[in-house]
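Grab a coffee and open the viewer: here are some short exercises, each with a worked solution. Try each task yourself before reading on.

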Amino acid sequence: MTKQLLDLRIVSRRRLPGGMWHLVFSRADGEPMPAVLPGQFAQIRIDGTLLRRPISISDVPDPMHLHMLVRPVGDATSRLCSAAEGSVFNVLLPLGRGFTPAGAGDKVLLVGGGVGCAPLVMLCRSLVAAGAEVTVAIGGRTAADVDALPEMYPGARVAVSTDDGSRGHHGLVTTLPEMALDYSRICTCGPTPMMKAVARMARERGIDCEVSLENMMACGLGACLCCIEKTVEGNVCVCTEGPVFNINRLTWQ
């Protein structure tokens with residue numbers, strides 16, 4: 001897909017209970033959004049910062065709007081989340097390689113933790129539209145971290161876990177009963193320890209599995225080499241070879 005440098009305007013913003021922000025953008029020139037695949041990301045220029053920031057594209061539900069789920073963890077993401085409606089940001093997109101499409105009848109498990117739930121929103125919608133049977137497992141520390149997320153996955157069976165037991169299953173997302181069911185494929189994004197646990201489970205059960213890595217990125221184009229990941233083929237840039245990888249390409253144990 002052809003990368004484009006666009007000015008995007010915030011048309012709505014909503015703070016979720018756990019601290020993430022749901023931002024909806026439109027193009028400043030009024031044109032439709034470029035085609036985006038589930039799992040791809042964007043690099044956003046934010047005033048006051050030297051480098052663009054990589055942000056997952058959570059959904060493009062219609063040709064005119066693009067959604068992002070952003071957690072303000074530093075100065076740049078805090079500036080983005082606090083920007084008023086109408087604010088315009090220069091964005092490079094779409095970047096990276098997304099998830100593999102599924103077909104009718106496939107049984108797919110999506111496992112998300114924290115802001116890692118973001119790229120699974122568009123993936124879920126595309127899978128449901130293709131006729132796949134989708135289960136979404138969401139993990140958070142407390143009820144506030146997960147309360148607003150299930151509504152983002154219409155058409156899927158959604159299971160929730162919290163570390164403190166304040167909502168849904170008490171424990172890590174990997175201990176949900178739904179994790180033990182039979183699936184044709186698993187896709188996951190979130191903290192690395194969680195993804196590695198999901199990958200081990202998938203490998204032990206012979207289930208095809210893709211993970212969306214969240215390595216530190218600066219350029220998003222494979223030039224700065226700061227997002228390197230070791231694979232069975234050697235070191236590769238996550239921003240160009242990923243962020244989505246089949247676990248068979250990774251050296252995870």
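**Exercise 1: the surroundings of a helix**

The cover over the buried residues of α4 includes β8 (107-113), β12 (185-189) and β13 (208-212). Before going further, note that this is a predicted model, in which local features need pLDDT of at least 70 and side-chain atom pairs count only at pLDDT 80 or more, while totals for chains, interfaces and linings use all residues. Residues are numbered from 1 along each chain as its sequence is written, and side-chain values use heavy atoms, with hydrogens and water left out.

Task: Which residues of α4 are buried, and which exposed residues sit on the face turned away from them?

Solution.
- Step 1: Fix the terms. Helices (H or I, at least four residues) and strands (E, at least two) are DSSP runs, numbered from the N terminus. Buried means under 20% relative accessible area, exposed over 50%, and partly exposed in between (1.4 Å probe, protein chains only). Contact, used for the cover, means heavy atoms within 4.5 Å.
- Step 2: List the buried residues of α4: M194, M195, V198, A199, M201 and A202.
- Step 3: Look down the axis of α4. Its buried residues fall within an arc of 160°, so they line one face of the helix; the arc is that of the directions from the helix axis to the C-beta atoms.
- Step 4: Turn to the face away from the buried side, where α4 carries the exposed residues P193 and E204.

**Exercise 2: the helix span**

Task: What span should helix α4 have, and how far apart are its end C-alpha atoms?

Solution.
- Step 1: Take the expected span of a helix as 1.5 Å times one less than its number of residues.
- Step 2: Apply this to the 14 residues of α4 (residues 192-205), which should span 20 Å.
- Step 3: Compare with the model: the end C-alpha atoms of α4 are 20 Å apart, which agrees.
- Step 4: Look just past the end of α4, where G206 takes a positive phi of about 70°.

**Exercise 3: three charged pairs**

Task: Where do the partners of D75, E210 and E233 lie, and are these residues buried or exposed?

Solution.
- Step 1: Set the cut-off. A salt bridge is a side-chain nitrogen of Lys or Arg within 4 Å of a carboxyl oxygen of Asp or Glu. The whole structure holds 11 salt bridges.
- Step 2: Start with D75 and R79, whose closest N and O atoms are 2.9 Å apart. Both lie in helix α1 (residues 75-82), 4 residues apart, about one turn of the helix. An α-helix has 3.6 residues a turn, so residues three or four places apart point the same way. D75 is partly exposed at 46%, and R79 is partly exposed at 38%.
- Step 3: Move to E210 and R185, with closest N and O atoms 3.2 Å apart. E210 lies in strand β13 and R185 in strand β12, so the pair ties together parts that are 25 residues apart in sequence. E210 is buried at 6%, and R185 is buried at 7%.
- Step 4: Finish with E233 and R249, whose closest N and O atoms are 2.8 Å apart. This pair links distant parts of the chain, 16 residues apart: E233 is in the loop between β14 (228-231) and β15 (234-237), and R249 is in the segment after β16 (244-246). E233 is exposed at 53%, whereas R249 is buried at 18%. Salt bridges that share partners join R97, E233, E241 and R249 into one network.
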